[in-house]
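Here are a few short exercises to work through with the model open. Try each one before reading its solution.

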Amino acid sequence: MASTLVSSTPKLLSHSSIPKLSIRRNLVVPAVVSALPEKFSTNRSFMNSLLVLCASVALSVSFFVTDVDSASAFVVKTPRKLQSDELATVRLFQENTPSVVYITNLAVRQDAFTLDVLEVPQGSGSGFVWDTQGHIVTNYHVIRGASDLKVTLADQTAYDAKVIGFDQDKDVAVLRIDAPKDKLRPIPIGVSADLLVGQKVYAIGNPFGLDHTLTTGVISGLRREISSAATGRPIQDVIQTDAAINPGNSGGPLLDSSGNLIGINTAIYSPSGASSGVGFSIPVDTVSGIVDQLVKFGKVTRPILGIKFAPDQSVEQLGVSGVLVLDAPPNGPAGKAGLQSTKRDSYGRLILGDIITSINGKKVSNGSDLYRILDQCKVGDKVTIEVLRGDHLEKVPVVLEPKPDES
């Protein structure tokens, strides 16, 4: 047994063959002395094992007691270098984020069991600070149906918002909050008339409730036309972009590379409801005129004919081109001018009303054409409407009136 134990342990080395092991913090393992007294010869194997154990422990301790400075030598530090275009994007986001707000749409609901009346969030969206008076601009569909609205600024302070006015036809709304002026940073207003396809754009908003998210892209198209979700009236000269616009981005700003506002993100074209690379923004030139009227008067004065007309598909089935008048109330502009509505005779047979074919010589093929022409007119203008009545054409002068107030 003894011979086995000796053979399993390392042999003794001479004093000259074992170098001193230098350890950080001046820890030194003494060299093994080869000449041991005779009386300790029987314990030589044990002491050799003990010496090796001590050396291992000392070596291990040296790694744990190493200075912090020496430990930092293992961390490779490289300065973060950004390209010039990255720096410009970072700067644009930092400078414009304080102007973007988060809007929560609250609705009153009654508990079915306790009958308690509660306010619950029914939607959310984005908006931006228009001026230092506390006016906030967003989409109308963001605030539609709200009993109360809450606006959260970039510093996470929340304020109750009051609706100043809205334009359903163009999907624009203006709110107001009572916040200190030093917390309100108006967004720089740009111009949308000189935009070019291919130039870079940046969208800031709160998609899916994730506050202050930046997405980038380019202008994919100009002078697009979409329909208002509230009234179906066409919104013209819309900007198309491939910058990711998701639910929650609605009402947020679309910026150019200088950080100026060029549009309001309002809609996406997507079967799934998420971004598909086709987003639409209302141009700032359209928005500016609407916001000015809403701030001054609380409403937008827009001329109307005062009629209800049939869907375009129904007219196409008749084999004619134009807008079929279904109803022209006698107190409206068209009714006063004598336009005839669609009705049934005493036998229940359908008698078609007037079909509008042109206004001031401009052809009207569908409802979008009608709205487009009216957008170019003003309240009080006298227009000449050409209608197909029966089997002959007639020209009817109509004085345009303002759109009734909406609650």
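A patch here is built from residues with over 30% relative accessible area and no salt bridge, and nonpolar side chains are joined within 5 Å. Keep in mind that this is a predicted model.

**Exercise 1.** Find which residues make the nonpolar surface patch of about 210 Å², and check how Val90 qualifies on accessible area.

*Solution.* Start with the members: Leu82, Leu87 and Val90 make the patch. Next, place Val90, which sits in helix α4, residues 84-96. Now take the accessibility: Val90 has a relative accessible area of 36%. The cut-off for patch residues is over 30%, so Val90, at 36%, clears that part of the test. In burial terms, Val90 is partly exposed.

**Exercise 2.** Work out how strands β22 and β23 are joined, and how many bridges there are.

*Solution.* First get the ranges: β22 covers residues 382-389 and β23 covers 392-399. The two run antiparallel, with eight bridges joining them. For a cross-strand pair, look at Ile385, which stands opposite Val396 in β23. Then check the connection: β22 and β23 form a hairpin with two residues between them. In that turn, Gly390 has a positive phi of about 70°.

**Exercise 3.** Is Asn260 buried, partly exposed or exposed, and which residues does Asn260 touch?

*Solution.* Locate Asn260 first: it's in the loop between β12 (253-255) and β13 (261-268). Its relative accessibility is 24%, so Asn260 counts as partly exposed. Leaving out residues up to four places away in sequence, Asn260 touches Pro188, Ile189, Gly190, Leu254 and Leu255. Finally, try a C-alpha distance: Asn260 and Val191 are 69 residues apart along the chain, yet their C-alpha atoms are separated by 8.1 Å.

Methods
Residues numbered from 1 in each chain as written. Predicted model: local features only at pLDDT ≥ 70, side-chain atom pairs only at ≥ 80, totals over all residues. Heavy atoms only, no water. Patch = residues over 30% accessible without salt bridge, like charges linked within 9 Å, V, L, I, M, F, W, Y side chains within 5 Å. Areas by Shrake-Rupley, 256 points an atom, 1.4 Å probe, with all protein chains shown as cover. Salt bridge = Lys/Arg side-chain N within 4 Å of Asp/Glu carboxyl O. Helix = DSSP H or I, 4+ residues; strand = E, 2+ residues; numbered from the N terminus. Buried < 20%, exposed > 50% of the residue type's maximum accessible area, 1.4 Å probe, protein only. Pairing = 2+ DSSP bridges. Contact = heavy atoms within 4.5 Å.
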